[in-house]
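Student: I should like to learn how helix packing and sheet order are read from a model. May we work through one example together?

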Amino acid sequence: MTFLQTLEKINIFKLNAFSRMFKQYLLIIIGVITILFFVFHSYVLSIRQEKNTILANNYVTLKTELIKEQNIVDTLTTELFIQQPYLEDLDNFLRLEYNDYFEYKTNRYMSSESSNYFGTLTFIKKIFYSYPNCAKIIFHNKDTQSLTIFSNTSADFLERKQLALPNKVLNTTEIKNLVLNDQPTEEQLLAFHKTLNNPSTLENVADMYYLFDNQAVYQSVVEQNAESAGELFLMENDVLLYSTNNGAVSQKMATVQQDNLASNYQLVSRQSPKKIWQAIIHLYLYFLIITIIIVLVSLPFIIHHLRNLEGKIMAITHKMTAIQTGNFTTAAMDKTHSSPDEFTLILDGLDEMSDQLKHYIDDVYVSEIKQKNYQMKTLRSQINPHFLYNTLEAIRMKAIINHDLDVSEMLYNTSRLYKNMIKGKELITLSEELSFCDAYLRLFEIRFEDNLFYDISFPEELASAHIEKLSIQPLVENYIVHGIDSTKDNNFIEIICERDQADILILVKDNGNGIPLERLPDIQDKLRNNAIESSDSMGLLNVNFRIKERFGLNYGVMIELNEWAGVTVTLRIPSQQKGDLI
């Protein structure tokens, strides 16, 4: 049975709407796969570009190093010709025996007015010190067929030997084979030749060879070039000296860049199709696997989804028929295993409409009763709250008549507290809030019979600043409830208000019982994270929450231990006057 024959047996495709939806889903799948292909292809192109960039950068690095070494050779040779005594000393150093040279050097020094003698050895040491990668300097005197080798890497700084060399300029390979054959080395040497002639007589002084050790540069280029798109080759007169793949030049590689350097060196950059293909083949395999997974997963899902939609549409039809016949109790369908979508919303709407039609009379009757109960509660809540305030005033006047002044003052402060609480304003002035705290503290000052003392101070300029009601009083209440010690006669709390640039700092400082050290970090962490207590009490965290919610996260409450063994609570609010409020 073919795939098309299987689709023909599925009922959903007998409906034109579902057939169109299925074709649209197929187009979406094809579109997704096409987009995915272009994404993968773009990524492959970016990888190729990145690898080409690495190859180009390594090429520039190696080329720059060779040019730099050539410039060093040119500069040093020019300096040798400019400093005539250097060249004369070198000529004598190469031609004379050691004893004769040192006698010449001594006579020259004695006849010189300078306290220093700058000879061949000084010149060579300066080169080795200034350019550590200059490994060797070789002088070949054609007249005497003598070789003088200065080494910057071996234990022998100076070596002389007699050796007949071909009458030509030696390349790097010939120098390694003919000159350094008895000195095996792993150094990657590169030779630069200069002919030294006496500028006065034009006689040849020597052939000079600078040998640079490029091992570190080569190794760095090899490591970086492992992720590139090709290989680099350094040749001397078509003889391979160095390559990043330690192999010969392959004709399958396409030449990207090529430069002739120092007249006899050729630096070639070649692109390797094999390296590029090895780097990207796995990406195309990933794309093929992902495409197969998308097709295998999406087609069964689409068919299942369409059949689910068919069931929901049939359920909607059955529910509408039931409502038309007056049956309001039948549910549209079992939605326990149904995923929420627009059809589910329609089914829910039909069920809800059926329930509303069925219970319309009962719902209206119950609603009217609830409305009346709510109106009664509203009327009760609107009884004048000044009733309790007036009652407290009546009791206070009775206490005054009976000459009970302490009770009278306590009732007065209590009535002030209650009057402040029943005010509808959320923001009050700082002076009003401090007056509220003064009444609260005075109430407990009488209660503890002069064992409690307090002080409130603030600049007059801050009196009209606005603060949320009941912001300072809960901080004072924390001290009364948790910090005060009834056995002491010096309980003290003070409230200090001061300006801090554009803000107001309110410090509530006491000498109470303090806070255990193990609890203090937890409280400070909750204050920083703007946590809030689960209870309805307006404690420390609640005040911090309300301040941050109204004024922003830069404001709020901080707490720390003080030098009195008590607690200092700092409340930071913006300095807002009446005109600043929105």
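Tutor: Let us begin with a helix pair in this predicted model. Glu433, Phe436, Cys437, Tyr440, Leu441 and Phe444 of H13 meet Gln473, Val476, Glu477 and Ile480 of H14. By class, this contact holds 7 nonpolar, 1 polar and 2 charged residues.

Student: At what angle do H13 and H14 pack, and how far apart are their axes?

Tutor: An angle under 35 degrees counts as roughly parallel. Helix H13 (residues 430-447) and helix H14 (residues 473-483) pack at about 20 degrees, with their axes 10 Å apart. The two helices are therefore roughly parallel to each other. The crossing in which H13 passes H14 is right-handed.

Student: How is the order of strands in a sheet to be read, and what is the order here?

Tutor: One follows the pairing from strand to strand. Here 5 strands form an open sheet in the order S11-S13-S14-S16-S15, with mixed pairing. Strands S11 (452-457) and S15 (556-561) stand at the edges with a single partner strand each, so one side of each has no neighbour in the sheet. From one strand to the next, the twist averages 15 degrees.

Student: How many bridges join S15 to S16, and in which sense do these strands run?

Tutor: S15 and strand S16 (residues 567-574) run antiparallel and are joined by 6 bridges. Within this region, Val557 stands opposite Leu571 in S16.

Student: Which strands does H13 touch where it packs on the sheet?

Tutor: Helix H13 touches S11, strand S13 (491-500) and strand S14 (503-510). The direction of H13 makes about 170 degrees with that of S11.

Student: May we apply the helix reading to a second pair? Where do the axes of H15 and H16 come, and at what angle do they cross?

Tutor: The axes of helix H15 (residues 520-528) and helix H16 (residues 540-551) come within 9 Å and cross at roughly 20 degrees. H15 and H16 are therefore roughly parallel to each other, and H15 passes H16 in a right-handed crossing. Ile523, Lys526 and Leu527 of H15 make the contact with Leu540, Leu541, Asn544 and Lys548 of H16. This contact comprises 4 nonpolar, 1 polar and 2 charged residues.

Student: Finally, how is a record annotation set beside the model? Where does UniProt place the feature "transmembrane region"?

Tutor: One takes the recorded span and reads its secondary structure. The unreviewed UniProt entry places this feature at residues 25-45 and 283-303. Residues 25-45 are 100% helix, with end C-alpha atoms 30 Å apart. Residues 283-303 are 100% helix, with end C-alpha atoms 31 Å apart.

How values were computed: Residues numbered from 1 in each chain as written. Predicted model: local features only at pLDDT ≥ 70, side-chain atom pairs only at ≥ 80, totals over all residues. Heavy atoms only, no water. UniProt positions renumbered as here; feature names shortened; annotations may be inferred. Helix = DSSP H or I, 4+ residues; strand = E, 2+ residues; numbered from the N terminus. Axes fitted to C-alpha atoms, helices over the stretch in contact; angles between N-to-C directions. Parallel < 35°, antiparallel > 145°, perpendicular 65-115°, else oblique. Left-handed = near helix turned anticlockwise from the far one by under 90°. Contact = heavy atoms within 4.5 Å. Nonpolar A, V, L, I, M, F, W, Y, C, P; charged D, E, K, R; others polar. Pairing = 2+ DSSP bridges.
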